[in-house]
Amino acid sequence: MLSNQAGDGKRSSLHGHWSSRMAFILAVTGSAVGLGNIWKFPYIAGQNGGGAFVLVYLACVIFIGMPVMMSEILIGRRGRRNPIATMTLLGKEEGSSGNWGWVGSMGVVAGILILSYYSVIAGWTLAYIVKSATGAFVGGTPAEVGAQFGGFVGDWRQVGLTHTIFMALTVFVVARGVERGLEQAVRFMVPALLVLMLVLLVYSINSGYFGQGVAFMFTPDFDKLTWNSVLAALGQAFFTLSIGMGAIMAYGAYLPEETSITGASAAVVSADTAIAILAGLAIFPLVFANGLEPGDGPGLVFNTLPLAFGQMSGGIFFSTIFFVLLSFAAWTSAIGLMEPAVAWLVEKHNRSRAQAAVIVGLLIWAIGFGSVLSFNVLADVKFLAGTIFDNVDYLTSNIMLPLGGLLIAVFAGWVMCRNSTSDELGTAGNVFKTWRLLARFVAPLGILFVLLNAVGLLDWIRSLAS
Ligand code: TRP
């Protein structure tokens with residue numbers, strides 16, 4: 001075939017390869033660990049009543065997230081191209097059709113839409129670095145810290161400026177390419193973030209409200225759980241693991257042949273889940289200690305953690321470092337969100353990486369103004385799921401990612417033949433059997449069931465039958 005065919009008959013990637021197994025795990029962890037863990041997980045859990053939501057979320061991560069992640073990596077490594085080209089190629093190769101490329105296309109669009117608002121929130125964290133370093137939170141009361149937040153997001157020029165800075169940083173790294181850009185950005189960030197979360201955890205344990213926070217997070221009250229909350233938990237599992245849109249597929253394309261996909265996935269899923277749970281354990285005690293509302297929405301982290309830092313000795317230092325690390329975490333995720341679109345432009349339209357990154361970046365930056373304005377000028381413009389930001393978030397996390405994940409699982413479980421997948425997963429034993437069971441039945445049916453219930457279709461059918 002073409003020149004991308006390696007001597008052993010396996011394809012190799014056009015963009016080079018990860019320098020080691022560890023580099024791949026770091027990069028995927030860097031994409032997974034981000035605002036989803038520290039900003040989104042606590043506020044979504046808060047809005048959906050805590051305990052029962054967290055339990056459903058964990059179940060989704062283990063029984064749906066894990067097999068879908070493995071499927072994405074194995075598809076990516078087998079195809080060794082951008083997600084659209086890979087799905088088209090493998091679809092034909094496995095005797096199905098080239099139309100599977102549409103799954104990749106939906107992923108490219110999802111990545112663009114997610115990054116459009118992700119960059120806005122990442123901009124908030126950039127602003128909070130400056131606020132922290134200048135001592136804005138020292139000794140702050142809940143009202144003062146809340147006013148800081150309200151004043152900032154209420155001003156579209158400030159939010160627009162930080163969104164612009166963040167997009168520029170992202171385009172810069174993506175333009176530099178896989179080996180030089182992506183790897184270096186992740187190496188120290190995840191361990192450092194973990195350490196800072198532990199510092200916050202110690203503070204939370206001493207806050208006097210730790211028990212109440214733990215109870216909120218882990219005492220399930222299933223009466224509070226609606227099908228929409230279950231869908232939110234499923235969507236959050238996809239969002240936080242970066243799956244369902246081909247990003248992990250794109251990373252898998254650069255994975256050396258001999259690396260264990262199961263081992264790498266398990267490492268990433270554990271690290272990601274641990275950081276989300278730690279964030280919850282740090283934040284909810286502070287919510288209760290300060291008389292705040294767990295269901296307060298996207299401002300939750302920005303209204304709670306600065307209170308803790310404001311009272312801690314060395315708070316200015318810790319607070320600054322924390323928001324620097326959170327910005328880094330967001331940065332390494334943003335890179336992954338852009339990668340599918342950029343890889344596609346490079347391969348399909350023969351652009352240089354730098355050109356492609358700038359084109360995609362400008363598009364995302366412009367769309368992002370819908371979310372910039374959702375917290376100020378257009379805050380009262382509400383339809384369907386809420387503001388423009390709410391709608392972009394709902395459409396991507398709760399619909400596009402689960403749908404993409406469903407199709408990816410079906411592709412790996414049903415379209416690809418058993419030999420192709422066992423070849424990639426490198427094991428014919430119980431691990432492979434379990435993966436295949438989850439990818440063929442549990443994940444697709446689970447996703448379908450939740451989606452149908454959330455739109456009320458099953459209720460409607462039941463009402464027809466009775
Ligand atoms: N997982 C990222 C986070 O938790 C967000 C994200 C969703 C993402 N999909 C992605 C990152 C794809 C990279 C690639 O913050």
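Which residues does Ser229 touch, not counting residues up to four places away in sequence? The answer is Asn48, Phe53 and Lys224. Keep in mind that this is a predicted model. The chain is helical, with 20 helices and zero strands, and 60% of its 466 residues count as buried. Here's a quick tour, from the whole chain down to single residues.

**Overall build**

- For 466 residues, a compact globule would have a radius of gyration near 23 Å, and the chain comes in at 22 Å, which agrees.
- If you're setting up a box, the C-alpha trace spans about 65 × 60 × 40 Å along its principal axes.
- Take the contacts with a separation of 6 or more: 82% of them are between residues 24 or more positions apart.

**Surface and charge**

- The chain's accessible surface is about 17300 Å², and carbon and sulfur atoms own 66% of that.
- On the charge side, there are 24 positive and 23 negative side chains.
- The centres of those two sets of charges sit 8 Å apart.

**Ser229 and its surroundings**

- Ser229 belongs to helix 11, which covers residues 227-241.
- With a relative accessibility of 4%, Ser229 falls under the 20% cut-off, so it counts as buried.
- To recap its contacts beyond four places in sequence, Ser229 touches Asn48, Phe53 and Lys224.

**Aromatic pairs**

- Searching the whole structure turns up 25 aromatic pairs.
- One of them joins Trp39 and Tyr43: the ring centres are 5.2 Å apart and the planes meet at 55 degrees, so this pair is tilted.
- Trp39 and Tyr43 share helix 2 (residues 35-47), where they're four residues apart, or about one turn of the helix.
- Both Trp39 and Tyr43 are buried.
- Then there's Trp227 with Phe449: their ring centres lie 5.4 Å apart with the planes at 85 degrees, and that angle is over 60, so the pair is edge-to-face.
- The Trp227–Phe449 pair links distant parts of the chain, with Trp227 in helix 11 and Phe449 in helix 19 (residues 430-454), 222 residues apart.
- Trp227 is partly exposed, at a relative accessible area of 36%.
- Phe449 is also partly exposed, at 40% relative accessibility.

**Backbone oddities**

- As background, most residues other than glycine have a negative phi.
- Arg80 isn't a glycine, yet it has a positive phi of about 60 degrees.
- You'll find Arg80 in the loop between helix 3 (51-79) and helix 4 (83-93).
- Arg80 has just 3% relative accessibility, so it counts as buried.
- Leu384 also has a positive phi, near 45 degrees, and it too is a residue other than glycine.
- Leu384 sits in the loop between helix 16 (353-373) and helix 17 (388-415).
- Is Leu384 buried or exposed? It's exposed, with a relative accessible area of 85%.
- Putting the two side by side, Arg80 is buried, whereas Leu384 is exposed.

How values were computed:
Residues numbered from 1 in each chain as written. Predicted model: local features only at pLDDT ≥ 70, side-chain atom pairs only at ≥ 80, totals over all residues. Heavy atoms only, no water. Helix = DSSP H or I, 4+ residues; strand = E, 2+ residues; numbered from the N terminus. Rg over C-alpha atoms; globule rule 2.2 N^0.38 Å. Buried < 20%, exposed > 50% of the residue type's maximum accessible area, 1.4 Å probe, protein only. Contact = heavy atoms within 4.5 Å. Areas by Shrake-Rupley, 256 points an atom, 1.4 Å probe, with all protein chains shown as cover. Lys, Arg positive; Asp, Glu negative; His and termini not counted. Charge placed at Lys NZ, Arg CZ, Asp CG, Glu CD. Phe/Tyr/Trp six-rings, centres within 6.5 Å; stacked < 30°, edge-to-face > 60°.
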